[in-house]
Structure formats: structure tokens, C-alpha cells
Amino acid sequence: MFTLLFLAKTQPHVERSKYVEELTDDTWEKTIEQRDNSTTWFVLFFGDFCPACRQAAPLFNEAAKQLNGYIKFGSVDTTRYGTAAYEYKVKYLPTFIIFHQDGFDYYSGGRSVEHFVDALSPFYEGCLTDINTELELIDGNSAVMFSLKKTSPLYWKTLSCKLKDVAKLGYSTNPSLKIKYSLFSPSGIVMHNKTNTVVLNNLRNFSQNVISFFEGTYHEELPPPELYLPSELTSQCHEQVKLCVCINSDRIDSELSKHINNYAGKPIKFFQGNSRWPIDTISNSLYSIFSNDLKNYIPANEINELFANLNQCLFKYQSCPFTPVQ
């Protein structure tokens with residue numbers, strides 16, 4: 001008797017979670033087959049004897065925890081309850097099925113939290129607004145995620161509902177609007193309120209950053225921008241650099257520093273100072289954008305004009321409104 005109890009306690013088993021509902025033959029019909037049409041379920045079919053099930057379960061459970069309140073997660077122990085497994089032709093373990101308003105789909109993607117969450121994104125609408133013009137972006141408190149993907153990440157959709165009474169969250173694939181805000185990474189976020197606009201060029205800790213921004217506790221820590229001296233222009237502006245920007249001033253304010261930092265990693269070099277420049281035309285304007293051979297330039301006296309031209313050149317170099325250096 002003792003031996004049997006010992007074996008029962010030590011036998012490997014699939015990890016359970018309070019965020020995953022254990023489905024049985026008795027509860028399956030009402031919970032899954034008669035579910036609310038607006039509810040999506042992600043169901044894991046497993047067996048305690050299955051090593052792959054034991055590996056996948058903690059990741060499945062973590063996804064369930066992160067999406068708690070947005071997507072329903074369930075599990076079926078096929079060694080105890082076989083009706084649903086037979087009905088849905090479950091031949092291998094683990095098997096994952098997404099039950100949604102149009103029916104169901106077998107999931108055969110990667111077994112990680114990120115993969116599980118991404119797979120569920122199309123099945124949750126969230127509270128997002130499509131943002132495709134600048135006017136939509138600057139209308140009150142708003143934050144827009146830009147990406148090349150057609151579908152917004154599920155985390156962004158869930159955050160849009162959490163903040164729906166505080167700010168309008170949107171999603172856009174508009175490349176011209178993205179470039180206007182100096183956002184050149186594949187994905188990023190532009191946040192706007194009555195007094196400030198902040199660009200996040202990566203999605204690291206984006207949820208925390210967006211929430212703190214609208215709570216008024218966000219503090220942007222900017223590293224000092226990488227700048228070169230006027231005397232270094234002819235030696236540092238070369239074929240490995242696409243554009244060279246000259247700032248004819250002895251000081252850089254925080255707004256300009258933020259803009260310059262947004263171009264980190266791009267084939268651009270910034271030069272700053274009010275001492276003698278090696279090219280006389282630089283002294284005639286506050287800002288100048290040069291081709292890497294220093295034979296063509298674009299003058300500007302306003303910061304918005306400078307970065308609008310710079311973004312245009314980066315997006316399509318052939319469209320740069322260059323003027324030959326006299």
C-alpha cells in the first residue's frame with residue numbers, strides 16, 4: 001500500500017494553473033460547444049505520461065496568466081476524459097485547439113509564451129483605433145503602435161482596453177506617418193498628450209512606459225547624442241555615411257537631442273558647433289544636410305523642416321531636395 005501511494009505522489013504530472021480551467025466530459029458541452037460566440041478558448045489536450053506535455057504546460061499556463069480576462073484557457077486530461085479528444089480526432093499529445101466565433105483551428109506553431117500569445121491576437125479585437133493621419137494622432141491623449149504586421153500584437157489590444165478611459169490607443173502601418181515621427185525601427189510607439197510627444201523606438205517594457213506616460217510619471221532618460229566637431233566634417237563625412245547633418249550652434253536643447261538619438265544606428269552623422277566650418281554655406285543657415293561627398297546640401301532654419309527633409313532623404317534618397325554647393 002505504501003509503495004502504491006509513493007508511486008502516485010512521485011509520478012511526473014503536467015503542471016496545473018488557476019488560470020486554466022480543467023475541462024471534463026461533463027463540462028465540455030456547456031463550456032465549449034455552447035460557449036458565447038464572442039468568447040475565444042485556447043484548449044490544451046494532454047496526458048501526464050507525456051514528456052512534451054509537461055514541457056509545454058508551464059508556457060501554456062504563463063500565456064493564460066498574461067491573457068487572463070481576455071482569452072479563455074482550458075485543458076483536457078485525455079487519460080481521464082476522452083470524449084472531446086475522440087470527437088476532435090486528437091491523435092498526438094500535446095494537441096492545441098483554438099475555439100473561436102467561426103469554429104475552431106488546430107494550433108501547430110511554436111511552443112512558447114510569445115508564440116501562443118501571437119497566435120491568439122486575431123481572435124481578440126480590443127479597443128484600438130485605426131490611426132492613419134497626423135490629426136488623429138494629436139487629438140488628445142493618444143498612443144500609436146507602428147508596425148509592418150497587419151495585425152496588432154495582443155498585448156497592445158489588451159492595453160488599449162485597460163487605458164480606454166485615459167487615452168486612445170491605435171495601430172498603424174502608415175510608413176509616411178511613421179517616418180514623420182523619426183521612427184525607423186520595424187516597430188515602435190508614438191505617445192502624445194497635451195504637452196509632450198515621446199517616441200519609443202523599441203517595444204521593450206512598452207506597457208509600463210505607456211501607462212507611466214499617461215499617469216504623468218514617465219521619465220525619459222536620454223543618453224548624450226553622438227556629435228562631431230565642425231573641423232571633423234571633411235574626414236568623418238565619407239562613403240560609409242549616407243548623410244551628414246551640420247548644426248550651426250554652440251548648444252543642443254533637449255528636444256534636438258531627442259531627435260538626434262532617434263537616428264542612432266542609421267547611416268547619419270551629426271556635426272555641431274559655431275566655430276569656422278570648412279564649407280562657407282553652412283554659416284548661412286542654422287541646419288544643413290549634406291550628401292556624403294559634400295557636393296550637395298539642404299539648408300534649414302527650423303527643426304521641423306530639418307527632420308522632415310532628413311526623413312524624406314532616408315525614406316527615398318532620390319527624392320532629397322538637394323542644392324549643389326557653390
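Is Cys237 buried or exposed? With a relative accessible area of 5%, Cys237 is buried. That makes a friendly starting point for a tour of this structure, which is a predicted model.

## The disulfides

Let us begin with the general idea. A disulfide is a covalent bond between the sulfur atoms of two cysteines. Here the count comes to three disulfides. Counting the bonded cysteines along the chain, the pattern is 1-2, 3-4, 5-6.

Cys127 and Cys161 make one of these bonds, with an S to S distance of 2.2 Å. Its S-S torsion is about 100 degrees, so the disulfide is right-handed. Cys127 sits in the loop between α5 (113–120) and β6 (129–130), while Cys161 belongs to helix α7 (residues 154–162), so the bond ties together parts that are 34 residues apart in sequence. The two ends are not alike in their surroundings: Cys127 counts as partly exposed at 31% relative accessibility, whereas Cys161 is buried at 18%, a value under the 20% that marks a buried residue.

Cys237, met at the start, is joined to Cys244, and their sulfur atoms are 2.1 Å apart. The torsion about this S-S bond is about 110 degrees, so the disulfide is right-handed. Its partner Cys244 is buried too, with a relative accessible area of 0%. A further disulfide links Cys313 with Cys320, again with 2.1 Å between the sulfur atoms, and both of these cysteines are buried.

## A cysteine without a bond

Which cysteine sulfur is nearest to that of Cys246? The sulfur of Cys244 is, at 7.0 Å, and Cys246 is in no disulfide. Two sulfur atoms must lie within 2.5 Å to count as a disulfide, so a distance of 7.0 Å does not qualify. Cys246 is buried, at 0% relative accessibility. Cys50 is another buried cysteine, with a relative accessible area of 6%.

## The sheet and its helix

Now for the strands. Five of them form an open sheet in the order β1-β3-β2-β4-β5, with mixed pairing. At the edges are β1 (21–22) and β5 (103–107), each of which pairs on one side only. Strands β4 and β5 run antiparallel and are joined by five bridges; in one of the matches between them, Phe99 has Phe104 in β5 as its bridge partner.

Helix α2 packs on this sheet, where it touches β1, β2, β3 (72–77) and β4. The direction of α2 makes about 150 degrees with that of β2.

## Aromatic pairs

A pair of aromatic rings is described by the distance of the centres and the angle of the planes. The structure holds 27 such pairs. In one of them, the rings of Trp28 and Phe45 have centres 5.9 Å apart and planes at 55 degrees, so the pair is tilted. Trp28 is part of helix α2 (residues 25–33) and Phe45 of strand β2 (residues 41–46), so this pair ties together parts 17 residues apart in sequence. Both residues, Trp28 and Phe45, are buried.

Phe42 and Phe96 give another example: their ring centres are 5.9 Å apart and their planes stand at 35 degrees, so this pair is tilted as well. Phe42 lies in strand β2 and Phe96 in strand β4 (residues 95–100), which places the partners 54 residues apart. Phe42 is buried with a relative accessible area of 0%, and Phe96 is buried with 3%.

Some rings also gather into a group. Trp28, Phe45, Tyr88, Phe99, Phe104 and Tyr106 form one aromatic cluster. Its members include the bridge partners Phe99 and Phe104.

Technical notes: Residues are numbered from 1 along each chain as its sequence is written. This is a predicted model: local features need pLDDT of at least 70, side-chain atom pairs count only at pLDDT 80 or more; totals for chains, interfaces and linings use all residues. Side-chain values use heavy atoms; hydrogens and water are left out. Rings of Phe, Tyr and Trp (its six-membered ring) pair if their centres lie within 6.5 Å; planes under 30 degrees apart count as stacked, over 60 as edge-to-face and the rest as tilted. Helices (H or I, at least four residues) and strands (E, at least two) are DSSP runs, numbered from the N terminus. Buried means under 20% relative accessible area, exposed over 50%, partly exposed in between (1.4 Å probe, protein chains only). Two strands pair if DSSP finds at least two bridges between them. Contact means heavy atoms within 4.5 Å. Axes are lines fitted to C-alpha atoms, for helices over the stretch in contact, and angles run from 0 to 180 degrees between N-to-C directions.
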